[in-house]
Amino acid sequence: MSKPKKNSEGQVATVEKTKVAKPPLYAVVILNDDYTPMDFVVHVLIRFFQMTEEKAIQVMLSVHTQGRGVCGQYTKEIAETKAKQVMDLAEVNEYPLQCRIETV
Ligand code: TYC
């Protein structure tokens with residue numbers, strides 16, 4: 001801490017600092033399955049997670065081989081919304097793609 005500074009009248013200035021805790025983050029995780037087409041997963045990653053095509057292919061292949069992968073980390077409401085958007089789009093296309101959120 002620096003030495004308290006006095007002004008020309010000899011008064012000591014006080015600075016009030018409010019600490020705001022950062023909201024907890026949640027990871028949006030996608031799971032591998034045997035039926036969802038690779039192209040669809042790449043499309044989802046680009047559309048909902050703003051990935052470049054190159055990054056989306058890399059993440060999709062990692063999920064394909066490792067079984068699961070993190071698409072991104074967000075505050076709870078945003079993570080829930082993204083997971084739902086993925087699941088809804090998979091459902092209308094009749095793909096079994098699973099997407100969930102996890103605490104970081
Ligand atoms: N395993 C799928 C296939 O071979 C591709 C895939 C990748 C599916 C990632 C889901 O989260 C996933 N068509």
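Begin by selecting Thr36, which is buried in this predicted model, with a relative accessible area of 11%. The burial call follows because that value falls under the 20% cut-off used for a buried residue. Thr36 sits in the loop between strand 1 and helix 1, and its side chain reaches the backbone nitrogen of Leu97 at 3.3 Å. If you display the contacts of Thr36 and leave out residues up to four places away in sequence, you will find Val41, Tyr95, Pro96 and Leu97.

**The ligand and its shell**

Keep Thr36 on screen and add the ligand, since a backbone N or O atom of Thr36 lies 2.9 Å from a nitrogen atom of the ligand. The protein covers 89% of the 340 Å² of accessible area that the ligand has on its own.

Next, select the residues around the ligand, which are Ile30, Leu31, Asn32, Asp33, Thr36, Met38, Val41, Met60, Val63, His64 and Leu97. By class, this shell divides into seven nonpolar residues, three polar ones and one that is charged. Two further polar approaches deserve a distance label: a backbone N or O atom of Leu31 is placed 2.8 Å from an oxygen atom of the ligand, while at Asn32 a polar side-chain atom lies 2.8 Å from a nitrogen atom of the ligand.

Which elements each supply at least two residues of this shell? Colouring by secondary structure shows that strand 1 (26–31), helix 1 (38–49) and helix 2 (53–66) each do so, and that the largest share, three residues, comes from helix 2.

**The loop that carries Pro96**

From the ligand, move to Pro96, which was listed among the contacts of Thr36 and which lies in the loop between helix 3 and strand 3. Pro96 is partly exposed, at a relative accessible area of 34%. Setting aside residues up to four places away in sequence, Pro96 touches Asp33, Tyr35 and Thr36. Draw a line between the C-alpha atoms of Pro96 and Asp33 and the separation is 7.2 Å, although the two residues are 63 apart along the chain.

Stay in this loop between helix 3 and strand 3 (98–103) and select Glu94. Is Glu94 buried or exposed? Its relative accessibility is 71%, so Glu94 counts as exposed. The backbone of Glu94 has a positive phi of about 60°, although the residue is not a glycine. As background to that angle, most residues other than glycine have a negative phi.

**The nonpolar core**

Now hide the ligand and turn to the largest nonpolar core, which has 24 residues and in which Val28, Leu45 and Phe49 touch the most other members. Strand 1, helix 1, helix 2, strand 2 (68–74) and helix 3 (76–92) each supply at least two residues of this core, and helix 1 gives the most, with seven. In soluble globular proteins, nonpolar side chains tend to be buried together.

Select Leu45 and show what it touches beyond four places in sequence: Ile30, Gln50, Met51, Ala56, Val59, Met60 and Cys71. Two of these, Ile30 and Met60, also belong to the residues around the ligand, so they can serve as landmarks when you move between the two views.

Cys71, another contact of Leu45, lies in strand 2. Cys71 is buried, with a relative accessible area of 8%. With neighbours within four places in sequence left aside, Cys71 is in contact with Val28, Ile30, Leu45, Phe49 and Met51. The C-alpha atoms of Cys71 and Val29 are separated by 5.9 Å, while the residues stand 42 apart along the chain.

**Gln50 and the N-terminal segment**

Gln50, also touched by Leu45, is found in the loop between helix 1 and helix 2. Gln50 is exposed, with a relative accessible area of 59%, and its phi is near 55°, a positive value in a residue other than glycine.

For the last stop, select Val12, which is found in the segment before strand 1. Val12 is partly exposed, its relative accessible area being 47%. How far apart are the C-alpha atoms of Val12 and Tyr26? They are separated by 44 Å, with the two residues 14 apart along the chain.

Notes. Residues are numbered from 1 along each chain as its sequence is written. This is a predicted model: local features need pLDDT of at least 70, side-chain atom pairs count only at pLDDT 80 or more; totals for chains, interfaces and linings use all residues. Side-chain values use heavy atoms; hydrogens and water are left out. A residue is near a molecule or strand if one of its heavy atoms lies within 4 Å of it. A polar contact is a pair of N or O atoms within 3.5 Å; within protein, one must be able to donate a hydrogen and the other to accept it, and residues adjacent in sequence count only if both atoms are side-chain atoms. Accessible areas come from the Shrake-Rupley method with a 1.4 Å probe; for residues, only the protein chains shown count as cover. Helices (H or I, at least four residues) and strands (E, at least two) are DSSP runs, numbered from the N terminus. Ala, Val, Leu, Ile, Met, Phe, Trp, Tyr, Cys and Pro count as nonpolar, Asp, Glu, Lys and Arg as charged, and the others, Gly among them, as polar. Buried means under 20% relative accessible area, exposed over 50%, partly exposed in between (1.4 Å probe, protein chains only). Contact means heavy atoms within 4.5 Å. A nonpolar core is a set of buried Ala, Val, Leu, Ile, Met, Phe, Trp, Tyr and Cys residues joined through side-chain atoms within 4.5 Å.
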